[in-house]
Amino acid sequence: MKLSAGIEQAIHSVTMLCGLSDDGVLSAAALAEFHGVSTSYLLKHLQALSGRGILQTVPGPKGGYRLARAPEDISLLDIVLAVEGAEPAFRCQEIRQRGPNPLPESTYVKPCGINVAMLRAEQAYRAELRKVTIADLITDLRATDDGTIMERGCRFLTLNERHSTTNN
C-alpha cells in the first residue's frame with residue numbers, strides 16, 4: 001500500500017498546530033514554508049482535515065488553522081481517512097468471474113478469498129493507526145528530543161503565529 005505525500009504533510013502539520021496558544025492560528029503558507037512543501041498541495045489537505053473536524057479554519061487576514069480537537073482525540077487513522085478517504089485500499093473487482101468461459105455467478109457462493117485476506121489486512125492496519133494519537137507522537141518526541149527539534153518549532157511559531165479573536 002502506498003500513501004500519498006499528503007499524509008506525512010498532514011500529520012506533521014497537525015502536530016505542529018499543537019504548539020499554538022489558545023487564540024493562535026497558523027496560515028497554510030507558514031505551515032508549508034516550515035515543512036518545505038507546496039502551499040497549494042498542503043492547502044488541499046488542510047481543507048480536508050477541516051472538513052473532517054480535525055482542524056478549525058479561521059477566516060480573515062489574521063486567519064489560519066488550529067486544532068478543532070485535543071491532540072489525544074486525533075488518531076493517525078483520523079488523518080489518513082481525512083486525506084485519503086474512507087474507501088478501502090483494495091477494492092475487489094471480482095475478476096474471477098470474467099474472461100473466457102466464465103462460470104455462472106451461482107458458482108461463487110463464498111466471497112473471494114483474496115478480497116477477504118486484503119480486507120482483514122486493512123482492518124489490522126487501520127486498528128494500528130487508530131491506536132496512535134497526535135498526543136502520543138508529541139510524547140514520543142519529547143522523550144527522544146534533546147530540545148533541538150522542539151526549539152526549532154517553537155522559534156518558528158513565535159515568528160509566524162497569528163492571534164485571532166475566534167476561539168474553539
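This text walks through the salt bridges, a helix pair and two loop residues of a predicted model.

The structure holds four salt bridges, and three of them are described here, beginning with the pair of Asp 78 and Arg 69. The closest N and O atoms of Asp 78 and Arg 69 are 3.0 Å apart. Asp 78 has a relative accessibility of 24%, so it counts as partly exposed. Arg 69, at 28%, is also classed as partly exposed.

Another salt bridge lies in helix H7 and links Glu 151 with Arg 155. Here the closest N and O atoms are 2.8 Å apart. The two residues are four places apart in the helix, which means that about one helical turn separates them. Glu 151 is partly exposed, with a relative accessible area of 40%, and Arg 155 is partly exposed at 46%.

Helix H5 carries a salt bridge with the same spacing in sequence: Glu 122 and Arg 126 are four residues apart, and therefore about one helical turn apart. Their closest N and O atoms are 3.1 Å from each other. Buried means under 20% relative accessible area; Glu 122, at 9%, therefore counts as buried, and so does Arg 126, at 18%.

Arg 126 also takes part in the packing of H5 against helix H4. The axes of H4 (residues 76-84) and H5 (residues 113-131) come within 6 Å and cross at roughly 120°. Angles of 65 to 115 degrees count as roughly perpendicular, so this pair falls outside that range and is classed as oblique. On the H4 side the contact is made by Leu 76, Leu 77, Val 80 and Leu 81. H5 contributes Tyr 125, Arg 126, Leu 129 and Arg 130.

Glu 161 sits in the loop between helix H7 (148-160) and strand E4 (162-163). Glu 161 is buried but has no salt bridge. The nearest side chain of opposite charge is that of Arg 66, 7.7 Å away; a salt bridge requires the nitrogen and oxygen to be within 4 Å. The side chain of Glu 161 does make a polar contact of 2.5 Å with the side chain of Ser 21. Beyond its neighbours within four places in sequence, Glu 161 is in contact with Leu 20, Ser 21, Gly 24, Val 25 and Leu 26.

Val 25 is also touched by Lys 62, a residue of the loop between strand E2 (55-58) and strand E3 (64-67). Apart from residues up to four places away in sequence, Lys 62 further touches Arg 162, His 163 and Ser 164. Lys 62 counts as exposed because its relative accessibility is 57%.

Definitions and conventions: Residues numbered from 1 in each chain as written. Predicted model: local features only at pLDDT ≥ 70, side-chain atom pairs only at ≥ 80, totals over all residues. Heavy atoms only, no water. Buried < 20%, exposed > 50% of the residue type's maximum accessible area, 1.4 Å probe, protein only. Lys, Arg positive; Asp, Glu negative; His and termini not counted. Polar contact = N/O pair within 3.5 Å; in protein donor to acceptor, adjacent residues only side chain to side chain. Contact = heavy atoms within 4.5 Å. Axes fitted to C-alpha atoms, helices over the stretch in contact; angles between N-to-C directions. Parallel < 35°, antiparallel > 145°, perpendicular 65-115°, else oblique.
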